[in-house]
Amino acid sequence: MSLIIQTVSRGITPFIFVYAIYLILTGHTSPGGAFAGGVAIGLLIVLWYAAFKLSTAERRVSCFTAHAGRILGLLGFLTMGTIALLLGKGFLENFLPKVAGHLTMSGVIILLALGVGILVGCETVLIFYYLFGRRPKGERR
Amino acid sequence: MSLEYAPLIAISLPILSSFLIPIVGRCRPKFRAYISVLAISVAILAILSLLPTILDGGRLHLTYMWAERLGLEFEIYADALAVYMSLLALFLCLLATIYSVSYMAGKEGLTRYYSVLLIFSGSMAGVFLSGNLLQFFIFWELMTISCFLLVLHFQTGVAIRAAYKYFIMIHLGALCLLTAIIAIYLNVGELSMATLGGLLATANGGWLTATMVLTFVGFGVKAAVVPFHTWLPDAHPEAPSSISALLSGIMVGTGVYGLIRFFYGIFGFPYAWQSTIITLGAITALVGVTCALAQVDIKRLIGFHTVSQLGLIIMGIGAGTSLGLAGALFHLINHAFFKALLFLMAGAVIYEVGTRNMTRLGGLRKYMPVTFVCGLIAAVSISGIPPFNGFFSKAMITKSVFDAGYPMLSLVVIVVSIMTLLSFTKLLYLVFWRQKTSKVIKSRKKVPILMKAPMIALAACCITFGLFAHWPLEQIVLPALGGFNLGTAPVYAPSIFDPSLMILLSYAGIVLAIVIWLKRRSIMATVHRFAPLSALYHCVKSEWWVDSVYLKFTGAVVSGFKGGRRVMSGHLRDYVAWLIAIFFMLLLYAVLL
Amino acid sequence: MNFPYLAALALFSVGLYCILVKRDLFKIIYGICLMGYSINLLLISLGYVWGGTVPIISGSSTAVPVDPLLQAMVITAIVIEFAAVALMVSVAIRLFEQYRSTDVKKIRRLRG
Amino acid sequence: MEILMGFFFILVIVSAVAVAELRDLLAAALALGACGFFVGILFFLMMAPDLAIVQLIVEIMMVVVLVIALARTHRKSSEPESAKTTLALGVIVACVFILFSVAVVPLMTEFGSPQYNPEVSQRYIDEGVENTGSQNLVTAVLLDYRAYDTLGEIVVLFASVLGMSLVLRKVSKRMAEGKECL
């Protein structure tokens with residue numbers, strides 16, 4: 001790809017990433033949310049692929065990382081639910097203190113959003129890789 | 001440590017330490033067994049600390065608030081029955097774990113084995129100690145599923161089939177049980193065992209009968225009552241022998257425990273059902289023992305004896321008197337001892353020789369005398385020869401059934417005893433006695449002390465409970481029955497020299513069995529000569545066709561569903577056409593109404 | 001004034017037409033996508049309030065927010081639809097590698 | 001506002017017809033992207049900014065997925081059905097459309113004046129902020145009130161990607177050699 005596109009994409013990458021994180025973490029005070037943020041993270045891979053090569057994208061986020069990430073996300077979500085269960089609340093109930101409008105005091109919402117965001121992002125990356133016939137190391141062909 | 005947490009420890013310590021095993025087992029493989037033994041021993045100690053309270057005639061009813069908003073409580077209801085049963089369960093688990101240190105050494109998947117075994121023992125203690133029907137069901141399922149994994153352990157094709165069958169049958173039963181529990185909750189609004197008894201004793205109506213039928217089926221599957229027994233002779237041989245001992249010794253006992261708990265403690269005994277339950281028990285006993293006679297697989301034979309002994313226990317329960325219940329409970333305890341011992345004996349034989357087929361065994365008594373003596377003790381105990389423990393409990397069951405007004409059915413107990421004696425004579429003769437020694441023996445390993453010790457302990461229990469039968473009757477069985485309102489009818493404690501009709505009959509039975517054994521060749525010739533007798537023989541040989549009836553039924557269901565495949569043409573257009581057509585139909589329905 | 005409903009219905013009909021008439025697997029996938037859009041649109045227009053605000057409550061505004069429940073449902077629907085499309089596309093790729101065609105008439109042995 | 005909405009609705013339907021009728025699959029995929037884009041704008045107009053963001057981002061990813069898939073297969077759509085079949089099915093679809101618009105649409109509440117369920121939507125609006133601490137009620141519903149739904153959703157996502165890894169297990173020769181296909 002041309003130098004201009006590469007330079008621009010290199011420059012724009014952190015902004016997209018920060019925007020995605022913003023979408024995930026402030027989903028409870030402003031529009032956005034975990035799903036949009038997650039897919040935005042996944043779109044970064046598409047950008048790297050389009051500007052450089054697939055191998056460049058793979059070097060930054062490998063298939064294995066994406067796998068680990070989605071399992072981590074799902075487990076994080078379930079762990080939050082189970083902790084609530086063990087504390088005597090219902091499964092996935094909000095057990096942390098919460099203050100309306102506060103950036104971090106929305107109970108487990110922010111943690112759940114983080115889990116969902118990681119999961120959705122990694123799923124998107126994996127969808128992308130799978131369509132290119134990539135698979136994580138050690139997985140049998 | 002106060003008494004309050006003892007039951008909790010007994011339940012949760014094995015379950016929690018099972019999570020430790022995969023972590024520790026990775027670097028120190030030997031520690032897996034040590035942790036298991038340690039956890040179960042501590043659990044036993046925790047239960048033992050409850051004993052003073054129980055012996056004073058008290059009972060513990062503890063509630064731990066858990067999920068307040070959902071109104072869920074963790075309830076412990078520890079009366080004498082629960083404490084003794086959980087003590088028995090954990091004791092057998094301890095013996096089985098010690099046994100499997102040597103028996104399972106060098107086999108694959110030991111991490112899974114030990115951790116699932118721990119979950120199994122903890123959940124069994126949970127079943128016995130839980131004081132809430134929902135919690136009871138949760139532990140019940142935990143026990144069932146962990147047992148499924150244990151049956152599956154060797155992962156051979158036969159084992160997988162057997163485990164699958166076990167899983168399906170037991171879960172159909174569990175579904176019935178869950179339905180019954182939900183029905184109880186919907187009608188009474190209470191799940192605590194402590195308060196349910198009074199609520200339901202006065203209730204009547206159709207739903208109660210339906211609930212009772214469902215409960216009976218639910219526990220009956222576990223306790224291998226006859227139409228539902230077919231999982232047992234398949235699952236028991238395929239499990240590792242230490243697990244078979246647990247399965248047969250105590251897990252089927254949970255079904256009996258549930259029956260006692262529900263039918264005496266919660267519903268109040270339905271005297272209208274007396275004849276049904278006793279008859280079912282008698283049929284179970286007869287079917288089990290006749291099938292056992294025809295087996296050549298050593299573990300399958302012992303498994304069928306489990307069916308028959310459970311039938312006897314069900315008869316005792318069905319009598320509905322304090323004597324019958326005492327006999328059933330005593331027999332349950334005795335059965336746990338001698339059946340576990342028999343399976344451990346079979347495991348030792350398999351360990352040494354490597355085959356389960358009795359026709360290929362022989363002359364083992366010279367090579368493994370300890371195993372032989374233990375097997376002999378277990379065999380005479382299960383056959384009800386005085387002064388071993390099986391005799392007393394069987395006599396109590398016989399007398400209770402006789403007193404309840406079913407003299408013909410009480411004879412069944414005698415007949416079953418005769419056949420049991422016969423089939424164990426056959427087992428001991430084929431495996432240990434006859435001169436033919438199989439070739440496999442030459443590559444034998446020596447049975448290690450860790451396998452002998454549990455067998456010796458169980459044999460000692462059999463002898464103790466037999467020679468001093470009054471002690472367990474007075475200290476264990478009678479306090480355990482204290483929780484149920486059965487009146488103050490004196491419990492008849494049989495003795496060897498009691499000149500009552502039943503005792504005399506059982507002596508006569510022993511003599512008859514010996515005569516039949518000596519004349520077995522001519523009897524078999526007669527059987528083959530007479531058509532009705534040989535038809536009966538074929539029935540027994542094919543295990544009364546219960547399984548093939550099931551297979552026919554499921555085959556019919558499956559072929560019925562195959563017709564549905566025609567609708568699935570594989571073209572999206574057809575599916576959309578179905579959707580649209582059904583939508584139009586719904587619309588028409590809405591318009592017409 | 002129910003034009004959004006009618007428009008969603010029209011979109012649905014186009015999608016239905018697409019999966020009924022077209023024989024290409026990708027066209028069928030597109031049709032399913034279109035039907036999904038129409039359902040999402042329908043749900044959102046069901047919850048819309050004239051002059052309503054976004055369902056983000058800040059301070060003490062008196063305006064009526066639109067229905068947040070339906071929006072949450074539709075978010076779920078969008079993401080699931082995306083997952084389903086990805087799966088369908090991969091099945092289509094697999095079928096193409098097997099049969100060198102994406103024509104449903106040419107793809108045999110796909111019946112239940 | 002009404003006119004703007006109507007305009008975008010028309011655009012959505014036009015691009016949908018283009019999706020259905022274009023013979024070039026790549027062009028149809030782009031038309032699908034345009035359709036989804038207009039749907040996103042409509043979401044924005046109907047006061048659903050969360051949805052608009054998700055719809056736009058997912059739409060971009062969807063187009064990327066479709067384009068990669070078309071690169072691995074082919075661009076040209078297969079032969080259409082015969083004119084007779086097309087007509088018959090078209091009539092059926094038209095019947096469905098007419099029936100729905102006559103029988104079902106009049107039964108629905110008037111556009112723009114829904115009646116909230118007091119137990120669900122109204123309660124979320126009234127108590128949502130203090131119950132969950134989240135100002136954005138959509139997030140509150142997604143991750144607090146109905147976190148079960150979200151759990152189910154992410155499990156579906158997880159499972160579908162698992163399914164992809166199974167379906168695309170056999171890698172085509174060109175890709176196994178490390179060549180890129182686009």
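These questions and answers walk through a predicted model, from salt bridges to a chain interface and some single residues.

Colleague: How many salt bridges does a search of the whole structure find over all chains?

Modeller: The search covers the whole structure. A salt bridge here needs a side-chain nitrogen of Lys or Arg within 4 Å of a carboxyl oxygen of Asp or Glu. Over all chains, the count is 14.

Colleague: Which residue meets B:Arg300 in a salt bridge, side chain to side chain?

Modeller: The N to O distance in this pair is 2.8 Å. The pair links distant parts of the chain, 66 residues apart: B:Arg300 sits in helix α13 (residues 298-319) of chain B, and its partner in helix α10 (residues 231-238) of chain B. Both residues are buried. The partner is B:Asp234.

Colleague: Where in chain C does C:Arg23 lie, and how far apart in sequence are the parts that its pair with C:Asp103 ties together?

Modeller: C:Asp103 and C:Arg23 form a salt bridge, with their closest N and O atoms 2.9 Å apart. C:Asp103 lies in the segment after α3 (68-99) of chain C. C:Arg23 lies in the loop between α1 (3-21) and α2 (25-47) of chain C, so the pair ties together parts that are 80 residues apart in sequence.

Colleague: Is C:Asp103 buried or exposed?

Modeller: Buried means under 20% relative accessible area. The relative accessible area of C:Asp103 is 1%. Its partner C:Arg23 has 17%, so C:Arg23 is buried too. The word for C:Asp103 is buried.

Colleague: Which residue of chain D meets C:Glu97 in a salt bridge?

Modeller: The distance is 2.8 Å, N to O. This pair crosses between chains, from helix α3 of chain C to helix α3 (residues 49-72) of chain D. C:Glu97 has 21% relative accessibility, so it counts as partly exposed. The partner is buried at 10%, and it is D:Arg72.

Colleague: Which residues do salt bridges that share partners join into one network?

Modeller: The link is a shared partner. The network includes B:Asp234 and B:Arg300. Its full list is B:Lys165, B:Asp234, B:Arg300, B:Glu543 and B:Asp547.

Colleague: What area is buried between chain C and chain D?

Modeller: The contact takes 74 residues from chain C and 87 residues from chain D. Carbon and sulfur atoms give 76% of the buried area. In chain C, C:Tyr30, C:Tyr37 and C:Tyr48 lose the most area to chain D, together 9% of what that side buries. The area between the two chains is about 7800 Å².

Colleague: How many residue pairs are in polar contact across the interface of chain C and chain D?

Modeller: The interface of chain C and chain D has 2 salt bridges. For polar contact, both residues must be at pLDDT 80 or more. The number of residue pairs in polar contact is 19.

Colleague: Which element gives the most to the side of chain C that touches chain D?

Modeller: Elements that give two or more residues to this side are α1, α2 and α3 of chain C. The top one gives 24 residues. That element is α3(C).

Colleague: With which side chain does the side chain of B:Ser192 make a polar contact?

Modeller: B:Ser192 is in the loop between α7 (157-188) and α8 (193-201) of chain B. At 6% relative accessibility, it counts as buried. Leaving out residues up to four places away in sequence, B:Ser192 touches B:His61, B:Glu75, B:Gly131 and B:Asn132. The polar contact, at 2.5 Å, is with B:Glu75.

Colleague: What is the phi of B:Trp544?

Modeller: B:Trp544 lies in the loop between α22 (531-541) and α23 (546-562) of chain B. At 30% relative accessibility, B:Trp544 counts as partly exposed. B:Trp544 is not a glycine, although its phi is positive. The value is about 60°.

Colleague: What accessible area do the residues of the nonpolar patch with B:Leu586 have together?

Modeller: B:Leu586 is in helix α24 (residues 572-592) of chain B. At 54% relative accessibility, B:Leu586 counts as exposed. The patch is formed by B:Val567, B:Met568, B:Trp578, B:Ile582, B:Met585 and B:Leu586. Together they have about 610 Å².

Terms used. Residues numbered from 1 in each chain as written. Chains lettered and ligands numbered in written order. Predicted model: local features only at pLDDT ≥ 70, side-chain atom pairs only at ≥ 80, totals over all residues. Heavy atoms only, no water. Patch = residues over 30% accessible without salt bridge, like charges linked within 9 Å, V, L, I, M, F, W, Y side chains within 5 Å. Areas by Shrake-Rupley, 256 points an atom, 1.4 Å probe, with all protein chains shown as cover. Helix = DSSP H or I, 4+ residues; strand = E, 2+ residues; numbered from the N terminus. Buried < 20%, exposed > 50% of the residue type's maximum accessible area, 1.4 Å probe, protein only. Contact = heavy atoms within 4.5 Å. Buried area = accessible area lost by both parts, 1.4 Å probe. Polar contact = N/O pair within 3.5 Å; in protein donor to acceptor, adjacent residues only side chain to side chain.
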